[in-house]
Amino acid sequence: MLMRKVPGFVPASPWGLRLPQKFLFLLFLSGLVTLCFGALFLLPHSSRLKRLFLTTRTQQPGLEVVAEIAGHPPAREQEPPPNPAPAAPAPGEDDPSSRANSRRRKGWLRRTRPTGPREEATVARGNGIAALRPGEESAPSSFDFNAFRSRLRHPVLGTRADESKASQSRVRAQREKVKEMMQFAWQSYKRYAMGKNELRPLTKDGYEGNMFGGLNGATIIDSLDTLYLMELKEEFQEAKAWVEESFHLNVSGEASLFEVNIRFIGGLLSAFYLTGEEVFRIKAIKLGEKLLPAFNTPTGIPKGVVNFKSGSWGWATAGSSSILAEFGSLHLEFLHLTELSGNQVFAEKVRNIRKVLRKIDKPFGLYPNFLSPVSGNWVQHHVSVGGLGDSFYEYLIKSWLMSAKTDMEAKNMYYEALEAIETYLLNVSPGGLTYIAEWRGGILDHKMGHLACFSGGMIALGAEDAEEEKRAHYQELAAQITKTCHESYARSDTKLGPEAFWFNSGREAVATQLSESYYILRPEVVESYMYLWRQTHDPIYREWGWEVVMALEKYCRTEAGFSGIQDVYSSIPNHDNKQQSFFLAETLKYLYLLFSEDDLLSLEDWVFNTEAHPLPVNHSDSSSRAWGRQ
């Protein structure tokens, strides 16, 4: 105390420094610390140093935008996987895991941590996965592919029956013929149009079209699963290599939400589920993210066209409407996008569509084809089970089946809609042909489009789960509708069916004008043959299917691929110069399945999207993040 009172005396600090010296030292020290920490955040590659000091919050690429649209924060990263799931065997090879009974419950065990381009390429090559280009980062995944394969009740490619009998030998020859047609269609496309969306066989060049917003290779993506199940190994590898090396997503045009979803996303999803190849999963998820802006409407009902450049939805006028078959045919694919990405936004978008449709008044229980995404009201009272409406009904019953029969909402909506269709649209012609007419505000158009011919297969598929007293009725109804569609083929000169056929003025199951007389390699009739065959094993469906094979060979096969024809009532074909991608995805696939054993893509394990891409049934014992229990 005495020392403090002495004038001019300054006590020393504990370090032997006087106060002015201590102040200068602390100032220097604080500047040094600031400089060091600043370098951590400002020097090149500082992100690697940041992870030493900051809590890890790695997001999936592009999920900030996705989360903002959905109104939910992006999912956080979990621990990286100890080992990636190995790829499935090549077509034709046995997969032991597909026959084993897994004792593991469905776990979300796998997450991948984003790496730099070099590390990512190294890891990809080591895992048998195609290296992604810079800017195409890997989408985190917790999907356990081995566990998924172990839960399938049948081998993906089925079993080989004893084909030594004469009847089986004939079926095998028919199946091989369809396989040869697929091989010819693919080789022609590869030679003259590889990378383009579709082949023009007469001019021997490719066609891009304007439906896909700049995306290329629609025929390739559509063909992947068909090539795989037909065990065309070399052709499948060619298609896979193109997807790895040339399928670019950095496009900027306007695309059809519906067509991109069913062809590209559906094709990529099925290719992943069949093979386990990560490149298919990653590109499906990235492409799915590019479709999300279409849902950014007042009701959440998506617009039909999305602009890949601006992210806005096209045709954005208050009076424009969305089409039932388009916004109603997203559910299967979007649930699987959530399943494979862990991002709930995909499932939430399609569940909201269901919510809107459940609430809105429906005339006589029917679903009109046009809905305003702005007001949420029906725009017209035009009802059709053919074009504009078709696959909405298909996706209801298939959502029920894909959920392992737990999605009660989908089941109830389907049977309610089917009852209304039967009450107001179903007719029997004077000649005894059962058909589904079109409804315009209470007035019937007594015609049926080729697109509506899928309904025989759909009704057969759903008959088993109907009320017990209606099951036999629905099975018979499915058979009668399929018979009518066969008649539309049998009554033409080419034995191929027209785009639409009428029941009036004494004429039944025939087109009445040239503008409806064309055939563009459509699959709906043989699709129903396949489902009816699997349900009944009535040989008539294989006979009818073989008639289609012979007609395709005679009237649609050209020197450089298959082409649609402009008039099915002319025995001298006038080709339309287009080999549709869905011909390889659907028509040839359904024909091949028609002449195959029932456990090849068994209906216990798989449902087909409306482009015939197989998606697996959810056999999980526990509720997953994609399939909510209704």
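**Exercise 1. Find the side chain that shares a polar contact of 3.5 Å with H619, then describe where H619 sits.**

Solution. Start from the side chain of H619: a polar contact of 3.5 Å links it to the side chain of R153. Keep in mind as you work that this is a predicted model. Next, place the residue along the chain: H619 lies in the segment that follows β19 (614-616). Then widen the view. Setting aside neighbours within four places in sequence, H619 has contacts with R151, L152, R153, E604 and D605. Finally, is H619 buried or exposed? Its relative accessibility is 13%, and the cut-off for buried is under 20%, so H619 counts as buried.

**Exercise 2. Work out how helix α18 and helix α19 are arranged.**

Solution. Begin with the geometry: α18 (residues 455-463) packs against α19 (residues 471-490) at an angle of about 165°, and their axes are 8 Å apart. Angles over 145 degrees count as roughly antiparallel, so α18 is roughly antiparallel to α19. Now add the handedness: the crossing of α18 past α19 is left-handed. To see the contact on screen, pick out residues from each side. From α18, these include G456, I459 and A463, and from α19 they include Y474, L477 and I481.

**Exercise 3. Identify which residues touch the most other members of the largest nonpolar core.**

Solution. This core has 161 residues, and L215, F247, L496 and L552 touch the most other members. Its largest share, 12 residues, is supplied by helix α11 (residues 257-275). Now zoom in on L215: beyond its neighbours within four places in sequence, its contacts include F247, V260, F264 and F308.

Conventions. Residues are numbered from 1 along each chain as its sequence is written. This is a predicted model: local features need pLDDT of at least 70, side-chain atom pairs count only at pLDDT 80 or more; totals for chains, interfaces and linings use all residues. Side-chain values use heavy atoms; hydrogens and water are left out. Helices (H or I, at least four residues) and strands (E, at least two) are DSSP runs, numbered from the N terminus. Buried means under 20% relative accessible area, exposed over 50%, partly exposed in between (1.4 Å probe, protein chains only). A polar contact is a pair of N or O atoms within 3.5 Å; within protein, one must be able to donate a hydrogen and the other to accept it, and residues adjacent in sequence count only if both atoms are side-chain atoms. Contact means heavy atoms within 4.5 Å. A nonpolar core is a set of buried Ala, Val, Leu, Ile, Met, Phe, Trp, Tyr and Cys residues joined through side-chain atoms within 4.5 Å. Axes are lines fitted to C-alpha atoms, for helices over the stretch in contact, and angles run from 0 to 180 degrees between N-to-C directions. Angles under 35 degrees count as roughly parallel, over 145 as roughly antiparallel, 65 to 115 as roughly perpendicular and the rest as oblique. A crossing is left-handed if the near helix is turned anticlockwise from the far one by less than a right angle, and right-handed if clockwise.
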